[in-house]
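Visitor: Hi, I'm new to this one. Can you walk me through what I'm looking at?

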Amino acid sequence: MKIVSSREAYRCGLFWVTEEEATDGKGFDIQRSVVRHAGSAVVLAADEKKRILLVRQYRLPAGAYLWELPAGKLDPGESPLRAAKRELREETGLRAKTWRKLISYYASPGFVAEKMNLFLATDLTEGQAQPMDDERIETRWFTRREIDEMIDTGKLIDGKTAIGYLLWRRMSGR
């Protein structure tokens, strides 16, 4: 497929929208509005007790408070790992000695071009959280059993958190 036209339709501080047309040159054409995004970093922080730290905050698009893994967008020129370290520190106050990239993926590639980069953070030390002005964040450690129950009962509905948790469970052999 080859992009034959692209124009920016909207821009804000978090994302921009383009109107695009692509063709395969053989008569198959696609027209889409695409939400463009710089990318994001997601952090699964696991402690020595095999617990995972989740943050709870109000998510305006969902219209609800959600429990989720710490995450945030990449700043200009920032690598995904550097963003992951920054987001963990800002949202939770934690720092990690050991980092491992688990996966990169697109959450909704039908119309959103946001690549999410998921990291495992271990060997943690505590510090002071530094949330952004528009963030009111609660943190809590969860056991595997608690997260399984939250998934089973529909109380954990954030995709990046479910993906991260299930990858972590698979990695840890349970």
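Guide: Let's start with a term you'll need: a salt bridge is a side-chain nitrogen of Lys or Arg within 4 Å of a carboxyl oxygen of Asp or Glu. Lys160 and Asp158 fit that, with their side chains meeting at 3.0 Å, N to O. Keep in mind that this is a predicted model.

Visitor: Are Lys160 and Asp158 buried or exposed, then?

Guide: Lys160 is buried, and Asp158 is buried too.

Visitor: And how many salt bridges are there by this rule?

Guide: The count comes to 13. One of them joins the side chains of Arg36 and Glu20, at 2.8 Å from N to O. That pair links distant parts of the chain, with Arg36 in strand S3 and Glu20 in strand S2, 16 residues apart.

Visitor: Why does Glu20 count as buried?

Guide: Because its relative accessibility is 12%, and buried means under 20%. Arg36 has a relative accessible area of 25%, so Arg36 is partly exposed.

Visitor: Which side chain does Glu68 meet in a salt bridge?

Guide: That would be Arg59, at 2.9 Å, N to O. Glu68 counts as buried because its relative accessibility is 1%, whereas Arg59, at 30%, counts as partly exposed.

Visitor: Which residues are linked in a network of salt bridges?

Guide: Asp75, Glu78, Arg86, Glu87 and Glu90 are linked that way.

Visitor: OK, let's zoom out. What does the secondary structure of the chain come to?

Guide: You'll find three helices and eleven strands. Going along the sequence, the pattern reads β-β-β-β-β-β-β-α-β-β-β-β-α-α.

Visitor: And what box do the C-alpha atoms fill?

Guide: Roughly 55 × 35 × 30 Å, taken along the principal axes. Of the 174 residues in the chain, 38% are buried.

Visitor: How do people look for pockets, anyway?

Guide: Rolling a probe the size of a water molecule over the atoms shows where empty space is left.

Visitor: What volume does the largest pocket have here?

Guide: The largest pocket comes to about 1,300 Å³. It is lined by 35 residues, and the closest to its centre are Leu14, His37, Arg59, Pro61 and Glu114. You've already met Arg59, as the salt-bridge partner of Glu68.

Visitor: Which strands and helices supply at least two residues of that lining?

Guide: Strands S5, S6 and S7 each do, and so do helices H1 and H3. By class, the lining has 16 nonpolar, six polar and 13 charged residues.

Visitor: How much space lies in the second largest pocket?

Guide: About 330 Å³. There are 19 residues lining the second largest pocket, and Asp47, Glu48, Leu94, Leu124 and Trp141 are the closest to its centre. Strands S10 and S11 each supply at least two lining residues, and S10 gives the most, with four. The lining divides into six nonpolar, seven polar and six charged residues.

Visitor: Leu94 is in that list. Which residue has its C-alpha 4.7 Å from the C-alpha of Leu94?

Guide: Glu126, and the two are 32 residues apart along the chain. Glu126 sits in the loop between S10 and S11. With a relative accessibility of 76%, Glu126 counts as exposed.

Visitor: Changing topic: what about the backbone angles?

Guide: As background, most residues other than glycine have a negative phi. Here, Lys50 has a positive phi near 65°, and Asp123 has a positive phi of about 55° although it is not a glycine.

Visitor: Where are Lys50 and Asp123 found?

Guide: Lys50 lies in the loop between S4 and S5, while Asp123 is in strand S10. Lys50 counts as partly exposed, at 46% relative accessibility. Asp123 is partly exposed as well, with a relative accessible area of 44%.

Visitor: Last one: which residues make a nonpolar surface patch?

Guide: Tyr58, Leu60 and Tyr65 make one of about 370 Å². Tyr58 belongs to strand S5, and at 39% relative accessibility Tyr58 counts as partly exposed. Strand S5 also came up earlier, as it supplies at least two residues of the lining of the largest pocket.

Definitions and conventions: Residues numbered from 1 in each chain as written. Predicted model: local features only at pLDDT ≥ 70, side-chain atom pairs only at ≥ 80, totals over all residues. Heavy atoms only, no water. 1 Å grid on protein atoms, 1.4 Å probe; cavity = no way out; pocket = protein on both sides within 12 Å on 5 of 7 lines; lining within 4 Å. Points joined across faces, edges and corners; volume = space filled by probe spheres on them. Nonpolar A, V, L, I, M, F, W, Y, C, P; charged D, E, K, R; others polar. Patch = residues over 30% accessible without salt bridge, like charges linked within 9 Å, V, L, I, M, F, W, Y side chains within 5 Å. Areas by Shrake-Rupley, 256 points an atom, 1.4 Å probe, with all protein chains shown as cover. Buried < 20%, exposed > 50% of the residue type's maximum accessible area, 1.4 Å probe, protein only.
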